[in-house]
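Reader: I would like a close look at one part of this model, taken slowly and in plain words. Please pick a place where several elements meet, and explain how they are arranged.

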Amino acid sequence: MNVTVKTPATVVHRPTAHDSAAKHVSGNADYVDDLKSPDGTLHAYLGLSQRAHAKVKRLDLSKVWQAPGVVAVLTSADVPGVNDISPVGKHDDPIFSDSEVQFFGQPMFAVVAHTRDQARRAAKLAEVDYEDLPAALSIDEAIAAGSELVTEPLTLKRGDVEAGMKGAPHVLSGEMVIGGQEHFYLEGHVAMAIPGEDEDVTVFSSTQHPSEVQHMVAHALGVKSASVTVNIRRMGGGFGGKETQANLFAAVAAIAAKHTGQAVKIRPDRDDDMTATGKRHDFKATYKVGFDDNGKIHAVDATFAANAGFSADLSGPVSDRALFHADNAYFFPAVHLNSLPLKTNTVSNTAFRGFGGPQGLIGGERMIEEIAYALGMDPLDVRKANFYGIGERNVTPYHQEVTDNIVARLVEDLEQSSDYRARRQTIIDFNARGGVIRKGIALTPVKFGISFTATWYNQAGALVHVYRDGSVHLNHGGTEMGQGLNIKVAQVVADEFGLTLDDVKITATNTDKVPNTSATAASSGSDLNAMAAADACRQIKSRLAEYVAEKYGEPASDVTFENGAVMLRNHHLDWQTIVSEAYMARIHLSAAGYYKTPGIHWDRNKGQGRPFYYFAYGASVSEVSIDTLTGEYQVDRVDILHDVGKSLNPAVDLGQVEGGFIQGMGWLTTEELKWNDKGMLTTHAPSTYKIPLASDVPRVFNVRLAEWSENVERTIRRSKAVGEPPLMLAVSVVEALSMAVASVANYKVCPRLNTPVTPERVLMAVTRLSAEGPSE
């Protein structure tokens with residue numbers, strides 16, 4: 001694997017190790033389950049339904065109560081507040097179901113016992129009589145049954161689609177099934193609640209959204225949010241799966257803790273974690289596209305149906321995001337896009353890295369691929385013909401102008417550096433010789449909008465203390481899940497004060513330090529929290545500058561902070577000395593910082609606005625080989641060029657690009673979710689659910705950051721977000737596999753591969769295309 005990094009001479013923009021890297025690899029990083037539990041801590045475990053949709057005629061918990069070590073058994077009747085954890089206020093997501101269960105694995109009760117093993121075993125002893133009800137387990141079944149929508153659908157439209165289709169020389173229609181994905185975070189869900197005096201409770205939760213957990217626990221307990229404190233130092237992965245899904249476990253732990261008066265911890269087995277928690281939404285995209293002889297699109301009409309699961313959760317904004325990214329990097333002169341978030345009797349699907357954007361993007365890329373095969377063109381040429389322009393052809397389906405477009409430059413750079421054209425011709429020549437092994441190559445771009453589309457979430461707070469010895473305490477509202485947020489924010493703080501990273505202490509995210517935080521999601525963690533921390537630093541610096549200026553009779557504007565010193569013209573003042581003096585002079589050395597993203601707005605009813613502050617771009621070239629007798633394949637080489645603006649930390653950003661690509665590749669190739677006809681998830685463990693292995697990493701993996709890029713918007717140090725966009729770079733793997741399959745029919749037929757593109761799907765497509773049109 002080849003990685004290119006240049007090292008600048010400042011704390012920011014420098015490749016710096018993750019602050020917990022050594023702890024991660026040595027096993028010394030403390031996660032929630034590693035925390036020392038108070039004496040007498042009890043353990044909770046969930047009792048899960050065994051039907052997809054049914055009335056509960058009888059729930060007999062007597063044997064559960066009689067099991068060894070059981071202290072309490074909790075049902076909906078034991079919830080002191082509201083029996084609901086819906087993040088969007090629809091009251092459709094109960095903590096414990098009672099008279100009706102709506103998916104296989106829905107929590108019905110919780111057992112509290114002296115040990116986890118006792119609670120786990122007791123939870124299996126419940127006797128339940130069900131009356132089965134009709135269940136829709138897929139998008140097609142939901143449509144056939146006339147299933148309700150979990151939220152209002154979104155429509156995006158611009159231009160005259162009907163006229164565009166009529167005026168187009170070519171029109172084609174198709175559909176694509178896009179599979180879901182299990183988060184498979186290394187650390188599963190876990191929460192520990194410690195009861196306090198009066199109504200107080202402290203919750204240690206593996207969550208991306210501490211303030212929402214605080215809010216949900218308060219509602220479940222029937223108390224005010226101020227009575228609930230949520231603490232999280234780090235997670236062992238999140239990927240969106242701990243944005244809302246942590247609510248359940250935190251609420252159960254808190255209810256049990258207040259019920260028993262003892263600390264309570266809950267940690268499900270991996271099988272139950274996978275069964276009871278939401279996943280990336282599977283989608284079905286249906287599309288119609290009109291285009292000319294050069295591959296230029298005239299009009300697009302598409303519907304993106306999403307499997308929402310049994311409740312709304314975040315399916316509304318997720319299906320919205322699919323529409324926002326169905327255009328990817330392409331201008332549609334006339335466009336009409338619809339979402340269809342369908343209720344089914346499966347676990348309620350939720351946020352996952354990209355938040356619906358990847359499903360929309362790959363649907364859009366399928367249209368490009370279809371056009372290329374219909375015209376006999378290189379798909380890259382079709383892409384280039386439809387790229388957004390600069391100053392023209394630059395309005396999205398949601399009426400936002402693309403003003404920071406670098407996609408053409410980025411693609412041109414990668415096309416040359418990867419030798420794409422020559423390699424593609426070599427592959428065509430190789431395939432022309434026939435044989436069992438066929439090869440494919442594809443270059444695909446990414447344009448991804450950065451900001452929460454719920455505008456109010458685009459705000460953040462931070463708390464910075466400077467102590468008398470000059471050390472700095474940093475706290476902010478973001479959460480660390482391995483992505484390197486904390487080290488980036490610490491770099492900014494150190495740079496603001498002119499200090500080293502050793503001078504900055506990173507502390508756990510805590511709702512009693514920074515209130516009303518937004519989820520660490522939407523790739524916005526650094527954008528929001530680093531800006532808030534910088535604001536806090538500047539407040540303290542301003543006070544110190546005024547103190548120093550008054551002391552030396554110089555303008556405060558001449559004071560600077562660098563290299564561990566406070567500089568004022570000819571004065572070189574020791575940082576620690578100045579801080580200590582400022583304290584003695586009664587200068588306040590603490591500040592609460594705040595930031596809100598400027599210039600964004602979104603009117604969902606109109607389907608218009610500027611939901612995104614800016615766009616991040618990327619491109620990848622993937623080369624694959626397939627075995628046409630078995631469908632097995634390997635990814636031979638990947639070249640990536642990705643835009644992170646002026647990187648805060650190139651080492652961390654490169655890791656995010658590499659990891660995002662591999663996770664995206666897993667989603668699109670090996671990670672297949674399967675439910676049986678009873679609604680039970682059968683791929684609920686690593687024995688049946690296949691995430692990528694080290695051996696699946698491309699044999700040649702060249703990753704570069706676009707070092708020439710700098711954000712045109714005033715983000716933190718002109719950087720760009722990096723969490724989600726790289727996942728979509730893996731679309732090039734699907735398109736490369738598609739080319740390899742298409743070679744058996746002389747590239748005359750688009751294979752229309754659904755995802756995940758498993759070896760079985762490759763083999764079936766090879767068989768089908770061989771029958772439709774054998775190679776010449």
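Author: Helix 15, helix 16 and what surrounds them

Helix 15 and helix 16 are roughly perpendicular to each other. This is a statement about a predicted model. The axes of the two helices cross at roughly 90°, and the label follows because angles from 65 to 115 degrees count as roughly perpendicular. At the crossing, the axes come within 11 Å. Which residues make the contact? On the side of helix 15 they are Leu544, Tyr547, Val548 and Lys551. On the side of helix 16 they are Trp575, Ile578, Glu581 and Ala582.

The next piece is a sheet. Three strands form an open sheet in the order 22-23-24, and their pairing is antiparallel. Strand 22, residues 559-562, and strand 24, residues 571-574, are the edge strands, since each of them pairs on one side only. From one strand to the next, the twist averages 25°. Helix 15, which spans residues 525-552, packs on this sheet and touches strand 22, strand 23 and strand 24. The direction of helix 15 makes about 125° with that of strand 22.

It helps to know how such strands are held together. Strands of a sheet pair through backbone hydrogen bonds, either parallel or antiparallel. Here, strand 23 (residues 565-568) is joined to strand 24 by four bridges, and these two run antiparallel. For one position to look up, take Val566, which stands opposite Leu573 in strand 24.

Now consider helix 16, residues 575-584. Which of its residues are buried? They are Trp575, Ile578, Val579 and Ala582. These residues cover an arc of only 100° around the axis, which puts them on the same side of helix 16. The spacing fits a general rule. An α-helix has 3.6 residues a turn, so residues three or four places apart point the same way. Trp575, Ile578 and Ala582 were already named among the residues in contact with helix 15.

What covers the buried residues of helix 16? Helix 15 is one of the elements, and strand 22, strand 23 and strand 24 are also included. Further cover includes strand 18 (459-466) and helix 14 (485-497).

The two ends of helix 16 can be described briefly. Asp574 caps the N-terminal end, with a side-chain oxygen 3.3 Å from the backbone nitrogen of Gln576. Asp574 is also part of strand 24, whose range is 571-574. After helix 16 comes Arg586, whose phi is positive, near 65°.

Before helix 15 there is a loop, which starts after strand 21 (509-510) and holds Asn516. Asn516 also has a positive phi, about 55°, although it is not a glycine. Is Asn516 buried or exposed? Its relative accessibility is 67%, and over 50% counts as exposed, so Asn516 is exposed.

Helix 15 also has a neighbour from a later part of the sequence. Ile716 lies in the loop between strand 30 (700-705) and helix 18 (731-742). How much of Ile716 is accessible? The relative accessible area is 1%, and because anything under 20% counts as buried, Ile716 is buried.

What does Ile716 touch, leaving aside its neighbours within four places in sequence? Its contacts are Val492, Ser526, Asp527, Ala530, Met531, Ala534 and Leu648. Of these, Ser526, Asp527, Ala530, Met531 and Ala534 fall within residues 525-552 of helix 15. Val492 falls within helix 14, one of the elements that cover the buried residues of helix 16.

A residue can also be distant both in sequence and in space. Ile716 and Glu141 are 575 residues apart in sequence, and their C-alpha atoms are 47 Å apart.

To put the part together: helix 15 touches the three strands of the sheet, and helix 15 and helix 16 cross at roughly 90°. The buried residues of helix 16 lie on the same side of the helix, and their cover includes helix 15 and strands 22, 23 and 24. Ile716, from the loop between strand 30 and helix 18, is in contact with residues including Ala530 and Ala534.

Terms used
Residues are numbered from 1 along each chain as its sequence is written. This is a predicted model: local features need pLDDT of at least 70, side-chain atom pairs count only at pLDDT 80 or more; totals for chains, interfaces and linings use all residues. Side-chain values use heavy atoms; hydrogens and water are left out. Two strands pair if DSSP finds at least two bridges between them. Axes are lines fitted to C-alpha atoms, for helices over the stretch in contact, and angles run from 0 to 180 degrees between N-to-C directions. Contact means heavy atoms within 4.5 Å. Buried means under 20% relative accessible area, exposed over 50%, partly exposed in between (1.4 Å probe, protein chains only). The arc is that of the directions from the helix axis to the C-beta atoms. A polar contact is a pair of N or O atoms within 3.5 Å; within protein, one must be able to donate a hydrogen and the other to accept it, and residues adjacent in sequence count only if both atoms are side-chain atoms. Angles under 35 degrees count as roughly parallel, over 145 as roughly antiparallel, 65 to 115 as roughly perpendicular and the rest as oblique.
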